[in-house]
Amino acid sequence: MKVFKYLLLFLFAVLLGLGGFVLLKAQAPLKTSEKERFVIPLQTSEEKIVANLKEKGFLKSKRIFNLILSLKGWHAKIEPGAYLIAKNMNAYQLAKTLLAGPFQRWVVIPPGKRKEQVALILKQTLAWPDEMVLSFVQVAEEGYLYPDSYLINTDADPQQVVQKLKANFNEKFDSPAGELQKDLLEQNIRNDTAIKIASLIERESGGPEDKPIIAGIIWNRLLEGMKLEIDATIQYALATENCFEPTFEDCDFWPKLTGEMIRKTDSVYNTYQIDALPPGPICSPSLASIKAVAYPAETEAFYYLHSPDKQIHTAKTFKEHQENIEKYLK
């Protein structure tokens with residue numbers, strides 16, 4: 001009995017010591033501290049997040065913090081984004097703050113999206129109601145919602161988001177490190193013209209290497225007074241006509257075209273009908289597409305198409321273009 005009693009006392013002492021150790025390691029690193037912005041990049045593993053917290057002085061022990069995260073009821077994952085945390089938070093407070101979600105969420109806008117598609121990305125990421133989606137579409141300017149990864153406040157309104165995206169566009173376009181705007185002006189290419197053409201290039205290109213080639217062909221056709229005959233402009237016209245529903249959720253923004261669609265689409269964006277650029281951009285282009293406008297490939301081609309493997313094939317004459325159609329598309 002005495003052995004059993006001593007064993008119980010020993011186990012109690014061990015547990016008490018272990019509990020004290022856990023409590024010690026779970027304490028805040030500092031007694032007083034201001035809140036700091038802590039950013040978790042996209043695609044960051046939880047192991048890396050905890051390591052960064054320890055490295056930056058927000059934790060005393062990674063092991064104890066991981067233990068707290070694994071407690072029953074703490075099943076949520078720490079999301080990428082920006083958080084306000086302080087070094088005077090203990091491990092429990094820190095875990096609760098991080099698992100509650102960021103005050104700034106990552107919003108990823110790919111190139112080639114029209115403003116309604118950007119609005120839907122914001123709706124999904126920021127949990128916007130339909131009225132905020134519609135408000136964003138009303139205040140956003142097509143072509144100037146720069147495609148990039150953004151940290152946006154979860155309580156941001158549409159006007160604030162538009163301003164953030166437009167500011168990023170201006171920063172990239174007017175970058176002192178580059179000569180892009182200067183070179184466009186020297187070629188008498190207005191900024192709005194450059195964005196229109198860049199938006200066409202963005203939707204028509206199969207990859208980065210295509211962009212200067214397509215730019216060269218577009219310039220060739222414009223200088224010859226030829227119709228551009230770009231399918232993406234008709235897709236834009238059709239979606240503009242058919243997708244103005246309250247949520248846009250079911251819209252096919254870039255529908256597959258038939259010959260009948262091309263012939264029957266009566267729109268100033270139908271570049272099979274008009275012999276000029278469309279009245280505005282059809283999407284927000286990448287910087288690479290804007291650069292292609294200023295620095296197009298030198299080519300004698302007036303036609304192009306993409307084979308199913310996304311390879312571009314150019315032609316100088318319509319006859320050669322027809323041969324490419326037979327060879328690569330039929």
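# Helix packing, strand pairing and buried positions in a predicted model

The secondary structure of the protein comprises 14 helices and six strands. The model is a predicted one. Of the 330 residues in the protein, 44% are buried. Among contacts between residues at least 6 apart in sequence, 65% join residues at least 24 apart.

A first place to examine is the contact of helix H9 with helix H13. The two helices pack at an angle of about 115 degrees, and their axes are 8 Å apart. The crossing of H9 past H13 is right-handed. On the H9 side the contact involves Ala 194, Ile 195, Ile 197, Ala 198, Ile 201 and Glu 202, which meet Ser 289, Ile 290, Ala 292 and Val 293 of H13. Sorted by class, the residues of this contact are eight nonpolar, one polar and one charged. The spacing of the H9 positions can be read against helix geometry. An α-helix has 3.6 residues a turn, so residues three or four places apart point the same way.

Within this contact, Ile 195 deserves separate attention. The residue is part of H9, which spans residues 191-204. Is Ile 195 buried or exposed? Its relative accessibility is 0%, and because buried means under 20%, Ile 195 counts as buried. Beyond residues up to four places away in sequence, Ile 195 touches Gly 143, Tyr 144, Phe 169, Pro 281, Pro 285 and Ile 290. Ile 290 is also one of the H13 residues that H9 meets. The C-alpha atoms of Ile 195 and Cys 283 are 9.1 Å apart, although 88 residues separate the two in sequence.

Helix H13 can then be followed from its own side. Its buried residues are Ser 289, Ile 290, Ala 292, Val 293 and Ala 294. Against which helices do the buried residues of H13 pack? They pack against H7 (158-173), H8, H9 and H10 (211-223).

A second helix pair is formed by H5 (residues 115-126) and H6 (residues 130-139), which pack at an angle of about 145 degrees with axes 9 Å apart. H5 passes H6 in a right-handed crossing. From H5 the contact draws on Lys 115, Glu 116, Val 118, Ala 119, Leu 122 and Lys 123, and from H6 on Asp 130, Val 133, Phe 136 and Val 137. By class, this contact of H5 with H6 has six nonpolar, no polar and four charged residues. For the contact of H9 with H13, the corresponding counts are eight nonpolar, one polar and one charged.

The strands provide the next part of the picture. E1 and E2 run antiparallel and are joined by five bridges. One bridge pairs Val 39 with Ala 82 in E2. E2, covering residues 81-85, is mostly covered, with four of its five residues buried.

Further along the chain, E5 and E6 (residues 312-315) pair in the antiparallel sense over four bridges. Tyr 304 has Thr 314 as its bridge partner in E6. The two strands form a hairpin with five residues between them, and in the turn Lys 310 has a positive phi of about 70 degrees. In a regular strand the side chains alternate between the two faces of the sheet. In E5 (residues 303-306), Tyr 303 and Leu 305 point one way while Tyr 304 and His 306 point the other way, and all are buried.

The loops include both exposed and buried positions. Gln 43 lies between strand E1 (36-40) and helix H2 (46-55). Although Gln 43 is not a glycine, its phi is positive, at about 60 degrees. Its relative accessible area is 79%, and therefore Gln 43 is exposed. Asn 188 occupies the loop between helix H8 (180-186) and H9. The phi of Asn 188 is likewise positive, near 60 degrees, in a residue other than glycine. Asn 188 counts as exposed because its relative accessibility is 72%.

Thr 271 is a loop residue in the segment between helix H12 (259-264) and helix H13 (287-294). With a relative accessible area of 0%, Thr 271 is buried. The side chains of Thr 271 and Thr 233 are joined by a polar contact of 2.8 Å. Leaving aside residues up to four places away in sequence, Thr 271 touches Lys 227, Leu 228, Glu 229, Ile 230, Thr 233, Ala 276 and Pro 278.

How values were computed. Residues are numbered from 1 along each chain as its sequence is written. This is a predicted model: local features need pLDDT of at least 70, side-chain atom pairs count only at pLDDT 80 or more; totals for chains, interfaces and linings use all residues. Side-chain values use heavy atoms; hydrogens and water are left out. Buried means under 20% relative accessible area, exposed over 50%, partly exposed in between (1.4 Å probe, protein chains only). Contact means heavy atoms within 4.5 Å. Two strands pair if DSSP finds at least two bridges between them. A polar contact is a pair of N or O atoms within 3.5 Å; within protein, one must be able to donate a hydrogen and the other to accept it, and residues adjacent in sequence count only if both atoms are side-chain atoms. Axes are lines fitted to C-alpha atoms, for helices over the stretch in contact, and angles run from 0 to 180 degrees between N-to-C directions. A crossing is left-handed if the near helix is turned anticlockwise from the far one by less than a right angle, and right-handed if clockwise. Ala, Val, Leu, Ile, Met, Phe, Trp, Tyr, Cys and Pro count as nonpolar, Asp, Glu, Lys and Arg as charged, and the others, Gly among them, as polar.
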